[in-house]
Amino acid sequence: MTQDASDRPAARRRKTPEELRSHRWYGVKDLRSFGHRSRTAQMGYHRSDYAGKPVIAIINTWSDINPCHTHFKQRVEEVKRGIWQAGGFPVEMPAISLSEPFQKPTTMLYRNLLAMETEELLRSYPADGCVLMGGCDKTTPALIMGAVSMNLPAIFMPAGPMLRGDYKGGFLGSGSDTWKYWAELRAGNITERDWQEVEDGIARSPGHCMTMGTASTMTSATEALGLCLPGSASIPAPDARHAQMASLTGKRIVDMVWEDLKPSDLLTAASFDNAVTTVLALSGSTNAIVHLIAMARRSGFDLDLDRFDALARRTPVLANLRPSGRYLMEDFFYAGGLPALLAQLGDLLDGTQRTVTGRTLAENIAGAQVYNDDVIRSRDRALVAGDGLAVLRGNLAPDGAVIKPPAAEAHLLTHTGPAVVFDDYNEMAARIDDPALDIDADSVIVLRNAGPQGAPGMPEWGQLPIPKKLLERGVRDMVRISDARMSGTSYGACVLHVAPESYVGGPLALVRTGDRIELDVPNRRLNLLVDDAELARRRAAWTPPPPKFERGFGKLYLKHISQADKGCDFDFLETVPARPAAAGGGEPEIH
């Protein structure tokens, strides 16, 4: 479904070479421009390579320790090829690579750092437009947040999902099957050799998770926002069509520069509704809530939790994808990919929204077909009719908490039970399998100090482990509550993103083991069944914990990070409540 430049409608008024931002570096007859031109010649480029041409920054998040982006060394060359062919001058700019499997305590701690780096790279160098190369969970929102704040013409090139995993003749899904088989190993139902075979077969190609985890959720949301070529988010990373898409992306950004087509021309409240609706129809990762709120606030729109909940009530789950369904992203691509799913959503989307192609969303998906109607369902055969996501409120989460009902055992969606409280992740890991732990299947596991400041960085600790002694009795789901996030590949009756977090004195800090907690998903309630007077006594006795960092980026982070319901962005980088009148608040002059 990706489009070549020749497929586009007539462009808007085109810039002249003198109107290019890079003209300030290369086209002026002064001593500074002499230095820029002579140093470009030093790198082996002739004046004809760049003179009067758009300079395209390629923000590449490749690194040797990011398995999701191992193919980016090759893809960047294909992006460059497209830029050269379209008459642009490509400049690759490496940026911090947020490697989900390896970076500790969590890549979320560094999402805003990549966003800042992206913005400042674009601000400080002679970029007329940019290609954003990402896909691993936090790279997508970070790159877009930075590009939106800078507001130069920008297009996103998604990394694409890896191929399906393989185990004993069946398919494995990253993350989801990790948790599944880990539970079976702990329960004694599979052997260490079985576990080794799962390890060897679960990730067997370049690309990000092939379940509907955070990576595919965010690249799909980005496509629905109109920030990448149609169909590009669904293509498996090793597929030759992915390489073709990279070159087409490079071609398209050159025309976008001439047309001066910027994120502020594309992003609206309605386009963010489209992205949220798409995430819900995919039964996408709950992480998308935090990221889309942050992206919207960077764009000047106050997207909030209530909007997610309102859209969830009307949006059916159409993608039969793990962890909520059966299939994997490779199947989704063969079934028609995201354009086919968007076409199925019909009037639930605003098709008039503009996209990077120069066309509207409706024009981009016109003619998209479903080739396997079990993978991509019609609205009358939806996997779930609605409530693919629920926002909970109550005295335990006055600013909100979230749960993904399709990923939980249905009987737990209305549940009251006694709390078993762990003060931090280390305590939980040390005690959860203790045979003496007083816990049963009706208990509510509570983890605190796992939020934006408390962990720090709000790691994906929200799929709290079920005690081994309960696994051995056949228990596979329990109500679990935390101020952490959960991997999009995870599942279970896990209440997440409790706000405000316990570390800053949120009500989660006041829960004690034995307190009864009420979860009522149909009525969107999460309450601690303790009277107000007792809670007031506990609050008076509560003391703030010491800061997690004394220096460096961590100290900056703790001072400026917002809570989960506000997107966990830095307060000095948001543009809410007013949409900015100029790109990034304006640029300093070049001297």
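Q: Is Cys 136 buried or exposed?
A: Happy to start here, keeping in mind that this is a predicted model. The relative accessibility of Cys 136 is 0%. Buried means under 20%, so Cys 136 counts as buried.

Q: How many disulfides does the count come to?
A: Let's look at two cysteines. The closest cysteine sulfur to that of Cys 136 belongs to Cys 68, at 3.5 Å, which is too far for a bond because a disulfide needs sulfur atoms within 2.5 Å. For Cys 494, the closest cysteine sulfur is in Cys 209, 17 Å away and again too far for a bond. The count of disulfides comes to zero.

Q: Which class of aromatic pair do Trp 182 and Trp 195 form: stacked, edge-to-face or tilted?
A: These two tryptophans sit in helix α7 (residues 176–186) and helix α8 (residues 192–201), respectively. Their ring centres are 5.5 Å apart and their planes are at 45°. Planes under 30 degrees apart count as stacked and over 60 as edge-to-face, so this pair is tilted.

Q: Which of the two, Trp 182 or Trp 195, is buried?
A: Trp 182 has 41% relative accessibility, so Trp 182 counts as partly exposed. The other partner has a relative accessible area of 18%, under the 20% cut-off for buried. The buried one is Trp 195.

Q: The charged end of which residue sits over the ring of Phe 171?
A: Here a charge meets an aromatic ring. The charged end lies 4.2 Å from the centre of the Phe 171 ring, and the residue that carries this charged end is Arg 164.

Terms used:
Residues numbered from 1 in each chain as written. Predicted model: local features only at pLDDT ≥ 70, side-chain atom pairs only at ≥ 80, totals over all residues. Heavy atoms only, no water. Phe/Tyr/Trp six-rings, centres within 6.5 Å; stacked < 30°, edge-to-face > 60°. Helix = DSSP H or I, 4+ residues; strand = E, 2+ residues; numbered from the N terminus. Buried < 20%, exposed > 50% of the residue type's maximum accessible area, 1.4 Å probe, protein only. Lys NZ or Arg CZ within 6 Å of the ring centre and 35° of its normal.
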